[in-house]
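Hi,

Here is the structure I promised to pass on. Have a look first, then read my notes underneath.

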Amino acid sequence: MIEARGLTKHYGAKVAVDGLSFDVRPGVVTGFLGPNGSGKSTTMRMIMGLDAPTRGTVTVNGRRVGDLRWPLREVGALLEARAFHPGRTARAHLTMLAQTNRLPTRRVDDLLELVGLSAVADQRAGKFSLGMGQRLGIAAALLGDPGALLFDEPVNGLDPDGIRWVRHLLRGLAAEGRTIFVSSHLMSEMSLTADEVVIIGRGRLIEQVAIGDLLARSAHQFVRVRSPQAGALSDALEREGAAIVLEDDGSLSVRGLDATAVGEVAATLGATLHELSPQSASLEEAFMELTDSSVDYRGATTSPTPTEAP
Amino acid sequence: MTELLAAARATLVRHGGAGHGLRFGLLLVVVLVVAAVVLIQRQRRKDRTTMEVASPTAASGDGGPTVAVVGLGEPIPSGHYHFKDLLRSEWTKLRTVRSTAWTLLITVVLGLGISAVATAETRSHWASTPAFQHVGFDPTATSLIGIFVAQFAVGALGVLAMSSEYSTGTIRATFSAAPSRLRVLAAKLLVFGVLAVVFAEAVSFASFFLGQALLTSPATHATLSSPGALRAVVGAGLFVAALGLLAMGLATMMRFTAAALSAFVGILLIAPLIVQALPTSLSQDIRRFLPDRIGATILTTTGSNPFAFSPWVGLGVLALYVVGVNVVGAVLLVRRDA
Ligand SMILES: Nc1ncnc2c1ncn2[C@@H]1O[C@H](COP(=O)(O)OP(=O)(O)OP(=O)(O)O)[C@@H](O)[C@H]1O
Ligand SMILES: [Mg+2]
């Protein structure tokens, strides 16, 4: 169990995390979603006691990480890729960590085996590929068999095989009853891995919600209509209280009325319809909508293009 | 430092140019390097034979629904992580990076090599130098010049042991596993300090004995019971180890390898030059506080410099610097985000 209460971090004038409160429960994978620069990594560093909160508290199993008696045995973290000395072997890196918490040497071998690095255990980690480095980081996090685990963008830079491996690993760890907190800026990845998401923007909590609820809420959000009489039709629909967006391809995106109602309005008008289809915004769009007002750094094009419901 | 080297150079010049002594010294350096490289290679081969042969894709190609995690199979023990766990970890850190072996190797090579060159050279030209020039000859200091030069290698090791944790990001893993930063710092200082003292003393004694053995009759040589000799040999090792700890403290303060190394070298080489540029009365008073003069005084067994602390007082002053820098480092370490 990880509990954050009013967690705030200022870096000089910059407010990186702003009054964040959330709970991460055991037994499920909790995603931590937010655009770039929204404060995910900062929050994770504060959970681990590496950065001191300006205000607020965060505890793991009811204690600050700094007060844990055997930190590695209670909480493990993968905070950044390649956080190891390039001249040290994978085995030496894990060994020196294991020793701090009096973990048996065989534990190092077990984890090298688990993450598939046994064959390169005695090679210098500086030669490792990005994926191998990520595995070494994961092995370090799992070293003490901890009940709580933090992963900051664990699939960054991994190939599809590696991504699948991490996904299964996270689900497996949660199934064993552990508390799993994993950050990402990709909702699509989270929808496959997480049961629940904590969504933040500009360091503030936007909401904490079950993935299922988020999916249900975003389903059938609008109706796409194509008609030669688009102008008249959109006037009529607006009179019925719908919000209309004229898309670049000439179609209308209608919100506030369902497909049946739109069809009836069109029939009354005698308008020809070339398309009338309920659309579901993808999770990615739901996420973008939620964080829209809180994106720090955005590219030039920001309007999301709708996609077909699966 | 600079002044001692100048003295050594003068000794060499006084006793003539390069002779068979120089050749002997260089040969010794080469032999030592080869021996050390062979040792390192053999150790590495031994490490490699313990390598396991499992395919790294064995666990990665997993297509199943979950990945079973090997449990530790033991409950969380009572008590808490202990200082001795941190000592063990720091020792592992220190011995599992190459820079440690290399810097220690350089310490040996410089310590013994320069000592051999300086003493053998003196001996080979002893007969051809006028007797009055033999009067001020300090066999102890001459044999210890090498370890005195090796201070840079030990300092680099002290810097790297700390700064590399920051440059590589290892510090986050370290503090996640052991959040008590002061204890981690204490463990690091203790482990490195013990290694530095033991090693520097060993090299210091070895270069003393080597140097004296090369100063065969008619050249005068010293024994450990000669006035000031034991103090100089023991003091030289302590001096170099203290500089290593000073370097580590600078790295804790500054975190960046380049910054800490520059500061360390600056204190030893640049500070004396700056002080020298001051008016003489002032410069001599300040100079006694600089580590290079403290070190030179520790090595010297003949005559005494009025503008220097006595050897043990000097070592005490240096110890104060070490404590001061490390206290500042510790305060910053605790206050700053990792
Ligand atoms: N050490 C620091 N000093 C100053 N500013 C910082 C520091 N760390 C983070 N920030 C700022 O705080 C904000 C949050 O950064 P953070 O790295 O936590 O975001 P993030 O959600 O992890 O982003 P990303 O998805 O890109 O990893 C950013 O604006 C960043 O520039
Ligand atoms: Mg981040």
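A definition to start: Ala, Val, Leu, Ile, Met, Phe, Trp, Tyr, Cys and Pro count as nonpolar, Asp, Glu, Lys and Arg as charged, and the others, Gly among them, as polar. On that basis, the shell around ligand 1 has four nonpolar, seven polar and four charged residues.

This is a predicted model, where local features need pLDDT of at least 70 and side-chain atom pairs pLDDT 80 or more, while totals for chains, interfaces and linings use all residues. Residues are numbered from 1 along each chain as its sequence is written, chains are lettered from A and ligands numbered from 1 in the order written, and side-chain values use heavy atoms, without hydrogens and water.

The ligand has 15 residues around it, and K14(A), G37(A), K40(A), S41(A) and T42(A) are the closest (near means a heavy atom within 4 Å). Helix α1(A) gives four residues, the largest share of that shell (helices are DSSP runs of H or I, at least four residues; strands are runs of E, at least two). Side-chain N or O atoms of S41(A) and T42(A) sit 2.7 Å and 2.5 Å from oxygen atoms of ligand 1.

Then there's strand β8(A): six of its six residues are buried, so it is largely enclosed by the rest of the structure (buried is under 20% relative accessible area, 1.4 Å probe, protein chains only). It pairs in parallel with β3(A) over four bridges, and antiparallel with β9(A) over six (pairing takes at least two DSSP bridges).

Cheers

Note on methods:
Polar contact = N/O pair within 3.5 Å; in protein donor to acceptor, adjacent residues only side chain to side chain. Buried < 20%, exposed > 50% of the residue type's maximum accessible area, 1.4 Å probe, protein only.
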